[in-house]
Amino acid sequence: MSACATCDGFFFKNKEVLVVGGGDSALEEATFLTKFASKVTLVHRRDALRASKIMQERAHSNPKMGFIWDSTIVEIKDPAQKKVTGVVLKNLKTGALSEKKCDGVFMAIGHTPNSEVFKGQIELDPKGYIKVHDGTYTSVEGVFACGDVQDFKYRQAVTAAGSGCMAALDAERWLEAHHETVETKKSW
């Protein structure tokens with residue numbers, strides 16, 4: 001199981017994998033995985049994708065990609081073997097259960113940033129990500145945001161770590177500037 005094709009795709013060289021989702025993120029992950037996997041099957045709960053037209057065209061024209069429509073995964077096999085050997089699928093229109101062999105499952109059904117605690121205090125975008133400007137500055141003076149709460153594009157550990165470093169540097173500079181202002185006022 002994985003949520004990151006970029007991180008784990010190379011583990012599935014010449015293997016069959018499933019990608020769960022139907023938006024741009026899912027198709028991006030699935031398309032990337034075709035560089036490694038022998039077959040990538042997209043499992044989607046609807047009978048049409050939500051992804052952009054260009055992403056759909058790429059996916060449908062890729063000979064390594066297949067689709068399972070109107071379905072969800074209800075079980076991943078086989079934990080006893082400590083590896084993925086397949087899944088049990090449920091067709092949402094008929095209720096029928098079926099099994100599909102695979103070597104891995106990638107979840108690409110979207111991300112919800114853990115930013116609810118900041119709602120009404122810091123400016124968020126419509127999807128709940130903290131808005132930043134000039135690096136990591138937020139709408140509140142002296143508050144900085146980094147990582148997955150503000151990064152809706154890359155969502156990678158390495159970019160989160162990098163933005164964490166940026167926020168630390170921005171905070172340090174802000175504190176230095178703020179401290180100098182306070183010290184200057186005390187000397188008057």
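This is a chat about reading a pocket, a sheet and some aromatic pairs in a predicted model.

Colleague: What should I know about the ground rules first?

Modeller: The model is predicted, with local features needing pLDDT of at least 70 and side-chain atom pairs counting only at pLDDT 80 or more, while totals for chains, interfaces and linings use all residues. Residues are numbered from 1 along each chain as its sequence is written, and side-chain values use heavy atoms, leaving out hydrogens and water.

Colleague: OK, pockets. How much space lies in the second largest pocket?

Modeller: Rolling a probe the size of a water molecule over the atoms shows where empty space is left. Here, a pocket is an open set of points on a 1 Å grid over the protein atoms alone, where a 1.4 Å probe fits, with protein on both sides within 12 Å along at least five of seven lines. The second largest one holds about 220 Å³, a volume being the space filled by probe spheres set on the points.

Colleague: Which residues are the closest to its centre?

Modeller: Val 20, Gly 21, Arg 45, Thr 72 and Ile 109, out of 13 that line the pocket; lining means having an atom within 4 Å of a point. Strand E4 (residues 71-77) gives the most, with 4 residues. Strands here are DSSP runs of at least two residues, and helices of at least four.

Colleague: And the sheet: what order do its strands have?

Modeller: Strands of a sheet pair through backbone hydrogen bonds, either parallel or antiparallel. This one is open, with 3 strands in the order E4-E5-E6 and antiparallel pairing; a pair needs at least two DSSP bridges. E4 and E6 (97-101) stand at the edges with a single partner strand each, so one side of each lacks a neighbour in the sheet. E5 (residues 86-91) and E6 pair over 5 bridges, and Val 87 stands opposite Lys 100 in E6.

Colleague: Last one: how many aromatic pairs does a search of the whole structure find?

Modeller: It finds 5. Rings of Phe, Tyr and Trp (its six-membered ring) pair if their centres lie within 6.5 Å; planes under 30 degrees apart are stacked, over 60 edge-to-face, the rest tilted. Phe 12 and Phe 106 are edge-to-face, at 5.3 Å centre to centre and 70° between the planes. They sit 94 residues apart in the chain, and both are buried (under 20% relative accessible area; exposed is over 50%, partly exposed in between, with a 1.4 Å probe and protein chains only). Phe 67 and Trp 69 have ring centres 5.2 Å apart and planes at 5°, so that pair is stacked. Phe 67 is partly exposed at 22%, as is Trp 69 at 28%.
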